[in-house]
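Colleague: Could you give me a close look at one part of this model, the second largest pocket? How many residues line the pocket, and which are closest to its centre?

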Amino acid sequence: MFVPNFKRSRSLAIIDLELHLEKTETEILELAANNVNLQTSYLELSEMIQVLERTDQFFSDQESHNFDLNKMGTHRDPEKSNGHLGFVAGVISREREYAFERMLWRISRGNVFVRRCDVDVALTDPKTGNVLHKSVFVVFFQGDQLQARIRKVCTGFHAHMYPCPSSHSERQEMVKNVKTRLEDLQVIINQTSDHRTCVLQAALKQLPTWSAMVKKMKGIYHTLNLFNVDLGSKCLIGEGWVPKRELELVEIALAAGSASVGSTVPSFINVLDTKKEPPTHFRTNKFTRGFQNLIDAYGIAGYREVNPGLYTCITFPFLFAVMFGDMGHGTILFLLGLWMVIDEKRLSKKRGGEIWNIFFAGRYIIMLMGLFAMYTGFHYNDIFSKSINVFGTRWVNVYNRTTVLTNPTLQLNPSVATRGVYPMGIDPIWQSASNKIIFLNTYKMKLSIIFGVLHMVFGVCMSVENFVFFKKYAYIILQFVPQVLFLLLMFGYMCFMMFYKWVKYSPTTDVEADSPGCAPSVLIMFIDMVLFKSETALPGCEVNMFPIQKNLEMIFLVVALLCIPWILLGKPLYIKYQRRNRPAGPVVEVDEIVEKIEVTTGKEIIITEVAESHESGGHSEEDDEPMSEIWIHQAIHTIEYILSTISHTASYLRLWALSLAHAQLSEVLWTMVLAMGLQMNGYAGAIGLFFIFAVWEFFTIAIMVMMEGLSAFLHTLRLHWVEFMSKFYVGNGYPFTPFCFKDILIVVEDD
């Protein structure tokens, strides 16, 4: 919001612009008309030269002798031709010449002789600019009546007739004169074209300014059309939404506008109480705008509805990085985003199309995604499918030299071959292990489930903020509590068992039941919990991880099953109870706002606004729906939540799948491309390594960074829209769109 500077009335500027445009338009139209006339004259003179030059091959010395008595051909008086042989010369379109000859043959009964020749010079139509294909013709005849008929036929076929002397010397003299006229005419045409170019270039320089002025004035009048005129036609009354923080600036702007135009009635603003739903406006900067656009693409938040955009600034790049964990690829992505951030002033002026605008608008998202990918890649100890030994491996070789050299694979016992725990991330020794994929498969699968459950629990907890703000405190007990209980008692318990399994079972323990060989599968344990089954323990092992596990699982399962009717019945019964205790006749209130505006003449203008009617005691969507609809909607919501809790948890396994696929593709690209170049020897190998590295770099950027990055981005977007935001976000609002000249100009440019 800014205070405008009213140095000059915009209406006067538009009037001046209109006069200037009319003057420029008149001048351009006159120049265009003159150009057409000049081009027409130039075309006629060009055709005349063609006629004069081409007729030389039609006449012989004998014909010239016979035509001495009728030197000007058809342009003499027919009565004085004395029956001598005459001729008509001109130009006709090529597509009409055959029909033209047939018509001449019919009207003369074969008593004419026609000679024609194609015009090789390109001729242009002055009005349309199309290329004209014409032919020069000469018609020889005898008799005055036949001459008149031939003229009528030429006129009917739109043939242009030109005077052509029969004498060779006279034709040459005429050609010389016509060429002189053509040269003079060409000079005039060039001068006219230069003048027209200068006028158009001058208009072109001012065209952006004119377009901006017209667009601004159009936007102003469009907004003024939304105003209402009072009964006395004294002033305009408009209703709109203004952020509370900007009220003072709006008042200052109105006062400045009234003072600049010398209005007798000062402009002012009044705050009205209304039951209409306000628009949604989030203050964003260039960092948060990209993340907010991701949320708005799903749906605009309702007024004062909790906004997940703030939390998305962290959760979005993190979940992306879980699937894209590689320090090398993350560095490339980070440098790309960092370049767009550092050079954003210059790049913001670049017009690279819609795809470039999308990438540039998400430059901070790209930079954070690359930064988080470097972080997760450090935990995965993965850089272009290779590992780095930062802290030193915690595994030691317990075999002698002979055993190592004679066996292709050796198995290390963690109880005797380890010296503590690797401080952070994965030990680099796993890079050369034959069971690396099995280990990473289990590791990343458990991580994806843990992150998914945490993300969904956070989404369910976000719904409490909406219930508190909209004063639906009962829904905290009827909706939030059973939903979070069902999620935690089922899948939260499964995550707890994963951590407990990591802590309980150790290769260095002396208790056989706590050794890794006795560790049960958490997935099988969860399935047995739901199906009320029990597994048989191995000799020396125990079925349960702790003594009261079965009893605790039974309690958790029963409470989780009780949460289903709790979600299904709680909300409809509460609404039915509210309606039963409500007064029988709903009191309808009508908001009537009366304003009196006193002008300088002493008269008063009374403004009466009747707002939308609403029932006393508040208004909500449930008040408009019959109970049958509420029961149906709640049943659908219950089924959707219970089933989606299971399906959404499984959906987070995409974190594991894409992470594993990304690591394997990177390893294949290294093994099948770059490793071959590194194994080459000699000078040829050194030269070939440059080309092989270029191929590896191309595929790394094209496949691993761009294609895999886009795939991980889309999967992360789906996890936020479906799995996370569906727990609390409705997105049924509409955006706050203030009047802004900059937005108007940008929208028109994009269109």
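Modeller: What follows covers the pocket, then the helices beside it and the largest cavity.

This is a predicted model, in which local features need pLDDT of at least 70 and side-chain atom pairs count only at pLDDT 80 or more, while totals for chains, interfaces and linings use all residues. Residues are numbered from 1 along each chain as its sequence is written, and side-chain values use heavy atoms, with hydrogens and water left out.

The second largest pocket has a volume of about 2100 Å³. A pocket here is an open set of points on a 1 Å grid over the protein atoms alone, with protein on both sides within 12 Å along at least five of seven lines; a lining residue has an atom within 4 Å of a point. Points are joined across faces, edges and corners, and the volume is the space filled by probe spheres set on them.

To your question: 46 residues line this pocket, and Trp 395, Pro 414, Trp 430, Asn 435 and Phe 439 are the closest to its centre. By class the lining divides into 27 nonpolar, 15 polar and 4 charged residues. Ala, Val, Leu, Ile, Met, Phe, Trp, Tyr, Cys and Pro count as nonpolar, Asp, Glu, Lys and Arg as charged, and the others, Gly among them, as polar.

Helices H15 (436–469) and H16 (473–504) each give at least two residues to this lining. H15 has the largest share, with 8 residues. Helices are DSSP runs of H or I with at least four residues, numbered from the N terminus, and strands are runs of E with at least two.

For this part of the chain, UniProt's unreviewed entry has the annotation "transmembrane region", with spans that include 449–469 and 476–500. Its positions are in the numbering used here, feature names are shortened, and annotations may be inferred rather than shown by experiment. In the model, residues 449–469 are 100% helix and 0% strand, with end C-alpha atoms 32 Å apart. Another of the annotated spans is 354–375, where the chain is 95% helix and 0% strand and the end C-alpha atoms are 31 Å apart.

H15 also belongs to the account of the largest cavity. A cavity is a set of grid points where a 1.4 Å probe fits but cannot get out. The whole structure holds 6 cavities of 30 Å³ or more, and the largest cavity has about 180 Å³ of space. Its lining has 16 residues, with Tyr 380, Asp 382, Gln 431, Lys 436 and Leu 440 nearest its centre. H15 and helix H20 (654–678) are the elements that supply two or more of these residues. The cavity lining has 6 nonpolar, 5 polar and 5 charged residues. In short, H15 contributes to the lining of the second largest pocket and to that of the largest cavity.
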